[in-house]
Amino acid sequence: MKAISLFSGAGGFDQGLIRAGFEVIFANDYDKNACDTYAKNLGNHIRHGDVNDYKEELFNYKGTVDLIAGGPPCQGFSV
């Protein structure tokens with residue numbers, strides 16, 4: 001099964017998806033340090049920046065993914 005992960009942070013939620021049998025084919029977060037950590041531990045499919053900048057790429061996945069996951073906000077960092 002394939003998944004897209006939005007607001008992924010450093011990848012803790014995605015690690016659970018991978019252990020559950022999903023292949024995460026796209027991930028995104030606005031925090032550069034979180035993306036660097038994600039890439040080092042989970043792969044280079046993480047995209048850094050505003051999710052709105054990736055709309056076209058995301059639309060290309062239409063019909064090919066089984067799950068779209070969204071990470072919850074980190075209360076200590078989110079405004």
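1. A starting point for the burial remarks below: a residue is called buried when its relative accessible area is under 20%. Tyrosine 54, at 18%, is therefore buried. Please keep in mind while reading that this is a predicted model.

2. Now to the sheet. It is open and has four strands, in the order β3-β2-β1-β4, and the pairing is parallel. The edge positions belong to β3 (46–48) and β4 (67–70); each has a single partner strand, so one side of each lacks a neighbour in the sheet. From one strand to the next, the twist averages 15°.

3. A closer look at one strand pair may be useful. Strand β2, residues 23–29, pairs with β3 in the parallel sense, and three bridges join the two. If you would like a residue to click on, take asparagine 28, whose bridge partner in β3 is arginine 47.

4. Two helices that pack on this sheet deserve a mention. Helix α1 (residues 12–19) touches β1 (2–6), β2 and β4, and the direction of α1 makes about 170° with that of β2. Helix α2 (residues 32–42) touches β2 and β3, and the direction of α2 makes about 160° with that of β3. Strand β2 is thus touched by α1 and also by α2.

5. On to the aromatic residues, where the structure holds two pairs. One pair I would look at is phenylalanine 26 with tyrosine 54: the arrangement is edge-to-face, with 6.0 Å centre to centre and 65° between the planes. This pair links distant parts of the chain, since phenylalanine 26 sits in strand β2 and tyrosine 54 in the loop between β3 and α3 (55–59), 28 residues apart.

6. Are these two partners buried or exposed? Phenylalanine 26 has 0% relative accessibility and so counts as buried. Tyrosine 54 is buried as well, with its relative accessible area of 18%. Together with Tyr61, Phe26 and Tyr54 make up one aromatic cluster.

7. Lastly, the second largest pocket, which holds about 150 Å³ of space. Its lining consists of Ile4, Leu6, Lys55, Leu58, Phe59, Tyr61, Lys62, Val65 and Ile68. Which element gives the largest share of that lining? It is α3, with three residues. Both β1 and α3 supply at least two residues each. Tyr61 is a residue to view twice, as it belongs to the aromatic cluster and also lines this pocket.

Notes. Residues numbered from 1 in each chain as written. Predicted model: local features only at pLDDT ≥ 70, side-chain atom pairs only at ≥ 80, totals over all residues. Heavy atoms only, no water. Pairing = 2+ DSSP bridges. Axes fitted to C-alpha atoms, helices over the stretch in contact; angles between N-to-C directions. Contact = heavy atoms within 4.5 Å. Phe/Tyr/Trp six-rings, centres within 6.5 Å; stacked < 30°, edge-to-face > 60°. Buried < 20%, exposed > 50% of the residue type's maximum accessible area, 1.4 Å probe, protein only. 1 Å grid on protein atoms, 1.4 Å probe; cavity = no way out; pocket = protein on both sides within 12 Å on 5 of 7 lines; lining within 4 Å. Points joined across faces, edges and corners; volume = space filled by probe spheres on them.
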